[in-house]
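Visitor: Before any term is applied to this model, I should like to hear the grounds for it. Please take me through the reasoning.

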Amino acid sequence: MHNIPINVSKKILADISSGIYRTPANAVKELVSNAFDASAHKVVISTNAPYFDVFTCEDDGEGISAKEFERIVNIIG
């Protein structure tokens, strides 16, 4: 599985998630939950402290294909 960075502005992310999550912590909880649903054994979250200008969530779960990701993004966006 390849790591493919996905760059999203804060505004776009806020627009997409508006009404879905009450807090950023709930969104992070969902990311971790999805990782374990995909059979992950390890989830690593980084915030690039002390700058907090980048957020990454990596896991060793099964993941999805690039084609499936594109399909999902087209539905959301």
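**Terms and their grounds**

Guide: Of the 77 residues of the chain, 4% count as buried. The model is a predicted one.

Visitor: What makes a residue count as buried?

Guide: The relative accessible area must be under 20%. In this chain, 4% of the 77 residues satisfy that criterion. The accessible surface of the chain amounts to about 6,800 Å², and carbon and sulfur atoms hold 57% of that surface.

Visitor: What is the order of elements along the chain?

Guide: There are 3 helices and 2 strands. Read from the N terminus, the order is α-α-β-β-α. Along the principal axes, the C-alpha atoms fill a box of roughly 30 × 30 × 20 Å.

Visitor: Why is the pairing of Arg71 and Glu68 called a salt bridge?

Guide: The criterion is a side-chain nitrogen of Lys or Arg within 4 Å of a carboxyl oxygen of Asp or Glu. For Arg71 and Glu68 the N to O distance is 2.8 Å, so the pair meets the cut-off of 4 Å. A search of the whole structure finds 1 salt bridge.

Visitor: How are Arg71 and Glu68 placed in helix H3?

Guide: Helix H3 covers residues 66–76. Arg71 and Glu68 are 3 residues apart in this helix, and therefore separated by about one helical turn.

Visitor: Why are Arg71 and Glu68 called partly exposed?

Guide: Partly exposed lies between the buried limit of 20% and the exposed limit of 50%. Arg71 has a relative accessibility of 44% and therefore belongs to that class. Glu68, with a relative accessible area of 29%, is likewise partly exposed.

Visitor: Which residues form the nonpolar patch on the surface?

Guide: The patch consists of Ile6, Val8, Ile12, Leu13, Ile16, Ile64, Phe69, Ile72 and Val73, with about 730 Å² of accessible area together. Helices H1 (10–17) and H3 are the elements that give two or more residues to this patch.

Visitor: What makes Val73 eligible for such a patch?

Guide: A patch residue needs over 30% relative accessible area. Val73, located in helix H3, has 35% and so passes that threshold. The value also makes Val73 partly exposed.

Visitor: How many side chains are positive and how many negative?

Guide: The chain carries 7 positive and 10 negative side chains. The centres of the two sets are 7 Å apart.

Visitor: What share of contacts joins residues at least 24 apart?

Guide: Among contacts between residues at least 6 apart in sequence, the share is 24%.

Notes. Residues are numbered from 1 along each chain as its sequence is written. This is a predicted model: local features need pLDDT of at least 70, side-chain atom pairs count only at pLDDT 80 or more; totals for chains, interfaces and linings use all residues. Side-chain values use heavy atoms; hydrogens and water are left out. Helices (H or I, at least four residues) and strands (E, at least two) are DSSP runs, numbered from the N terminus. Buried means under 20% relative accessible area, exposed over 50%, partly exposed in between (1.4 Å probe, protein chains only). Contact means heavy atoms within 4.5 Å. Accessible areas come from the Shrake-Rupley method with a 1.4 Å probe; for residues, only the protein chains shown count as cover. Lys and Arg count as positive and Asp and Glu as negative; His and the chain ends are not counted. The place of a charge is taken as NZ of Lys, CZ of Arg, CG of Asp or CD of Glu. Patches are made of residues with over 30% relative accessible area and no salt bridge: like charges are joined within 9 Å, nonpolar side chains (Val, Leu, Ile, Met, Phe, Trp, Tyr) within 5 Å.
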